[in-house]
Amino acid sequence: MTDLAARIAPLVALRRDIHAHPELGFAEHRTARVLAQQLRAIRLEVHEGIGGTGVVATLRAGNGPRSIGLRADMDALPIDEKTGLPYASTIPGCFHGCGHDGHMAMLLGAAQALAADHGGLNGTVHFIFQPAEEGQGGAKAMIEDGLFDRFPCDRVYALHNWPSLPAGTIATRAGPIMGAADRFTILLKGKGGHAAIPHDAHDVVLAGAALVQQLHSIVARNIPASANAVLSITQIHGGQAFNVIPHEMSVGGTVRTFDGAVQDRIEQRLRQIASGIAASFEVEASVGYTRYYPATINDPAAAQDALEVAATVGHALRAPEPAATSEDFSFMLQVRPGAYIWLGQGVGDNPPPLHNPHYDFNDGVMETGIRLHLALVRHWLGTAA
C-alpha cells in the first residue's frame with residue numbers, strides 16, 4: 001500500500017484550514033466545495049448537494065456486489081473558540097469544537113489511500129460527508145434525499161473522536177452506544193402583578209420553582225434503577241424587573257434515554273407533572289416536547305467486526321456502557337446495519353472535552369483513524385470476505 005505516513009502532513013494542513021473556516025449545519029458550502037475538489041482530484045465519482053450540503057464520493061473496485069459506507073460529519077458549533085491556536089476559527093461564534101474537521105480529514109485520507117491502491121477489493125465504497133449533525137438531523141436529511149437508494153450500503157460505519165479515551169484506543173459495543181435526545185419547553189402563564197402584592201397575582205415563578213424540583217424527581221422515582229436515563233433542566237426564563245411578578249415563565253431542558261419504553265414514561269410523567277403544577281398554582285402550562293434524535297444502536301455483528309478489525313490497528317476496547325450524548329448517525333443505523341466507533345484522542349490527565357471552547361482535534365490520532373477506515377473496508381470488501 002502507498003505509504004500512509006506521507007499523506008498525514010497535507011491532511012493535517014487541510015484539517016487546520018477547515019478548522020479556521022468553520023461553518024454551521026446546512027451552511028457548509030465552502031467545506032463541501034473543498035472536499036469535492038479533493039475527491040475529484042483522486043478521480044472518484046463525486047455527488048454534491050445531498051441532503052442540503054452533503055457530499056458522497058464513490059470508489060468501485062471489481063464487480064463484487066458488496067458495498068460499505070463510511071460517514072464523517074461536517075458542521076461546526078455555535079461557540080466562540082478560546083484555544084488561541086494559530087489556526088483558530090476566523091468566524092466569530094463558530095468553532096469546530098467537536099472534531100468534525102478531524103473526522104473529514106481522516107475520511108478523506110482513507111479515500112486517497114484507497115483510490116491510490118484498491119488492490120484486493122471487490123465491491124463499492126461510499127465516502128459519506130454529512131452536514132448538520134449538531135442537532136439539525138443532517139443524516140435524516142440525506143436519507144430522505146435518497147442516500148441509500150442512490151448509494152446502497154450493506155454496512156455503514158462512523159468514527160468519532162473521544163477525548164476521555166487514551167489517544168489511539170478504539171472502542172465500540174453492540175447495542176446502544178449513544179442516547180436518544182429529546183428537548184422540551186414548558187410555558188407557564190399566570191397573572192402578573194406587583195411583587196409587594198403577591199396575593200393578587202398567580203405567581204409563575206413560584207410555580208416554575210416547584211416544577212423544576214418535581215421534574216428532577218422523574219428519573220429517581222419513576223424509572224427503574226437498572227435503566228439509564230437523564231433529565232436535565234437547562235433553561236429558565238422569566239421576569240425583567242425586581243418588583244414585578246411576571247405573567248409568564250418558561251422552563252426547558254433535555255432528556256436522554258436508551259429504551260423506547262423509558263422515553264415514553266418520562267414524557268408521560270413530564271406532562272402529568274406540568275399539568276399538576278399548573279392546577280396547584282392556578283396557572284396554565286403548555287408543553288412542547290420534541291424527540292429529535294433516536295438512540296444510536298449498533299448492529300451486533302457490525303460492532304463485533306469493528307472490534308476485531310480495530311485490534312489489528314491499535315488497542316481495541318469493548319465499551320462497557322453507552323454515553324448519554326446523542327448522535328444523528330442513529331438515523332442511518334435505523335435503516336442500515338452498522339456501528340458507531342469511538343477513537344480515543346485524549347492526552348494528559350484532563351483533556352478538554354467535546355464542545356469545550358478550549359478543545360482541538362488531536363492530529364496525532366489521524367493516522368490511526370485512517371487505518372481503521374481502511375481496515376473496515378478491506379475486511380468487508382476483501383476478496384476473501
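This talk goes through one helix, the nonpolar cores and some salt bridges of a predicted model.

I start with helix α9, which covers residues 300–310. Which of its residues are buried? They are A302, A303, D305, A306, L307, V309 and A310. Several elements cover them, including the strands β5 (155–166), β6 (169–172), β14 (296–298), β15 (315–318) and β16 (338–346), together with helix α11 (366–381). At the N-terminal end of α9, D299 acts as the cap. One of its side-chain oxygens is 3.2 Å from the backbone nitrogen of A301.

Next, the nonpolar cores. The largest one has 58 residues. The members that touch the most others are L39, L44, I68, F127, F129, Y157 and I370. Helix α3, residues 100–116, supplies the largest share of this core, with 10 residues. Take I370 as an example. If we leave out neighbours within four places in sequence, I370 is in contact with L4, I8, L11, M106, G109 and A110. Another core lies apart from this one. That second core has 27 residues, and V56, I128, A171 and A181 are among them.

Now the charged side chains. Side chains of opposite charge can pair when their charged atoms come close. How many salt bridges does the structure hold? There are 15. I will show three.

In one of them, R71 pairs with D328, and the closest N and O atoms are 3.1 Å apart. R71 sits in strand β3 (residues 67–73) and D328 in the loop between β15 and α10 (329–335), so this pair ties together parts that are 257 residues apart in sequence. Both R71 and D328 are buried.

In another, R291 pairs with D264, with 2.8 Å between the closest N and O atoms. Here R291 belongs to strand β13 (residues 284–293) and D264 to helix α8 (residues 260–281), so the parts tied together are 27 residues apart in sequence. Are these two residues buried or partly exposed? R291 counts as partly exposed because its relative accessibility is 38%. D264 is partly exposed too, at 41%.

The last pair is E367 and R371, whose closest N and O atoms are 2.7 Å apart. Both residues lie in helix α11, 4 residues apart, which is about one turn of the helix. An α-helix has 3.6 residues a turn, so residues three or four places apart point the same way. E367 is partly exposed, with a relative accessible area of 27%, and R371 is partly exposed at 35%. Finally, there is a network: R15, R16, D101, D360 and D363 are joined through salt bridges that share partners.

Notes
Residues are numbered from 1 along each chain as its sequence is written. This is a predicted model: local features need pLDDT of at least 70, side-chain atom pairs count only at pLDDT 80 or more; totals for chains, interfaces and linings use all residues. Side-chain values use heavy atoms; hydrogens and water are left out. Buried means under 20% relative accessible area, exposed over 50%, partly exposed in between (1.4 Å probe, protein chains only). Helices (H or I, at least four residues) and strands (E, at least two) are DSSP runs, numbered from the N terminus. Contact means heavy atoms within 4.5 Å. A polar contact is a pair of N or O atoms within 3.5 Å; within protein, one must be able to donate a hydrogen and the other to accept it, and residues adjacent in sequence count only if both atoms are side-chain atoms. A nonpolar core is a set of buried Ala, Val, Leu, Ile, Met, Phe, Trp, Tyr and Cys residues joined through side-chain atoms within 4.5 Å. A salt bridge is a side-chain nitrogen of Lys or Arg within 4 Å of a carboxyl oxygen of Asp or Glu.
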